[in-house]
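Please examine the structure shown below. The paragraphs that follow it lead from a metal site to a neighbouring topic, the arrangement of strands.

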Amino acid sequence: MNSRDLPHWDLSNVYPSLESQAFKEAVNEMKAGLDDLDDYLTEQTIEQGGDVPEGNPPALAETISGYLNRTNALRRLHGTLQAYVYAFVSTDSYNTSARRLLSQLEALKVRLERQEVQFRGWIGTVAEQPELFEAALEVEGPAEQHAFYLRERAEQSRYLMSPAEESLAAELSLSGSRAWERLQGVVTSQVTVPFERDGEVEELPIAALQNLRSDPDPELRRRAYEAELAAWERKREPLAACLNGVKGTVSTLNERRGREDCLDRPLDQARMDRETLEAMLSVVEDGLPAFHRYFKKKAERLGKEKLAWWDLYAPVSESEKRYTFPEAKELILETFGTFSDRLQALARRAFEQRWIDAQPRDGKRGGAFCMGVPGVEESRILCNFDGSFGQLSTLAHELGHAYHNECRIGKTMLQRPTPMTLAETASILAQTLVTNAVLDEAGDPEEELAILESYLIDGGQVVVDIYSRYLFEKAVFKQRSDAELSADDFCDLMVEAQREAYGDGLDPRHLHRYMWAWKPHYYSPNRSFYNFPYTFGMLFGLGLYAIYQERGDAFLPAYDDLLSSTGEARSAELAARFGIDIRDRGFWEHSMGLIEERIERYLTL
Ligand SMILES: [Zn+2]
């Protein structure tokens, strides 16, 4: 496959260019809107301890609605500008003018956040009169439509520092934690490594080097792994400083805001409770030995005594099918069509209207993501397509996210934000559809093996590797609250976490001590523990898929309804609509059982 033929995305329907008048006007509109909202907050004394219209629910509802309407419009505009500029930055980190614009937009986002904090403080004051607050939420209009959001804000207002401290923290985040996060992105995307292949030395971007993890040649995989570790070795000091900066800031703020521990906020963000997390993780722990058996069998298939890190992604059969991009497109469209016309139509638009950026290249970030562009109610998908089944299924995954965005059209920006736990539901389900379709069509055991392998590689990531990331992050927070960690400390904690999760399934001498260096998730100051929600998402998506198999087409309306309202209820409540109790181990065991069945099948092939 020639990677030159892969598509780049097109955002010209959003704005003509970064230099265009339309783009500049939109930025100015954003600034003017922020000024207007600031004035509104001042006029109405919307702040912690500010005026509350006593005994007048309609007046209170109107004041609240005034804020909601303004911030929703601004969030929509900001989301559009941000997605537009990020489309340039994420595919070309050398584009310094786009990077400068992104940081300007971040400053505007900080103003939005500051306004939100101010509003949250006031809603906390309002909620001190619960009867008045609840009565206002019953007055028809925006306040009533955002009742879930408003109650949650009131509840979260107890974790606020004083208004002045919150405002300073927001402003300092630009030159502090967010600057560390950006630096990690720039450093890692610009790492290139001279790598010899077929007698020629090529300068490979790190994403291309990481793609070699799935090459059939074991020597090549080992060399790529070693080259990657050596590359991180050279960048470890700036990256360790970034990680210390981010985790240090988060720890300080957690303490100042009265959070119980480092998990408190991520759990609230995931809209789940500790009981659910514990039920799920205990099922994960029980599921690890099955994965260890899979790793051992894989080692056997590769003719090795123990599996090394660089073999984790190795194909086990020589006949692994490759897909051209047009083939991947056809397969996805056909499979999605068996589920619903709406899903198929959405994917068709994504391919035909160039929503997808598939070509790996220097300066482009690794991995894959899907982002909504609210101004045009479309999505854009970034991936690094290499023709493997893994990349095919990643593409299906990201299209599932785009479908989720589609289901939320018509909701306001404050009704959309979905906790990470449920943000993966549509993507996992879409990915499962494609995996099953390919498995069903597999002609012979060899092909079935190749697909199962790819499926279990993914499953191993979401169940086993993510468990190691969870353990690592917990350990980092624990130590970071006392002092900074050295690069060696991070490496040691990483290896320890990997030993615990991978058990005797992997060769303990060849783990990946630099996983912390390149995974962007660890560097997000606003999103700690960007890991266990993935496991939740996968197991929840699988559980829903099982329900789809039982109920067939009858499943679809409730499913679309679930996706449209993922921003308007807690996880347990949304799950209960399908008769699922996520605090109960039983549900998780059922989903894990579906993966174990696949492992058992793999062991017999
Ligand atoms: Zn996803």
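The site of the zinc ion is irregular, with angles of 52 to 139° among its 4 donor atoms. Donors are N, O and S atoms within 2.8 Å of the metal (3.2 Å for Na, K and Ca), and sites may look incomplete because water is not among the atoms. Four donors would count as tetrahedral if all angles lay between 85 and 135 degrees; four count as square planar and six as octahedral if opposite donors are over 155 degrees apart and all others between 65 and 115, and anything else is irregular. This is a predicted model, in which local features need pLDDT of at least 70 and side-chain atom pairs count only at pLDDT 80 or more, while totals for chains, interfaces and linings use all residues. Residues are numbered from 1 along each chain as its sequence is written, and side-chain values use heavy atoms, with hydrogens and water left out.

The protein donors are His397 (NE2), His401 (NE2), Glu424 (OE) and Glu424 (OE), at 2.1 to 2.7 Å from the zinc ion. The spacing of the donor residues in sequence is H-x3-H-x22-E. Histidine 397 and histidine 401 are separated by about one helical turn because they are 4 residues apart in helix H15 (residues 389-407). Both histidine 397 and histidine 401 are buried, that is, under 20% relative accessible area, where exposed is over 50% and partly exposed in between (1.4 Å probe, protein chains only).

An open sheet of 3 strands follows the order E3-E5-E4 with mixed pairing; helices (H or I, at least four residues) and strands (E, at least two) are DSSP runs, numbered from the N terminus. Two strands pair if DSSP finds at least two bridges between them. Strand E4 (369-373) and strand E3 (356-357) are the edge strands, each pairing on one side only. E4 and strand E5 (residues 378-382) run antiparallel and are joined by 5 bridges.
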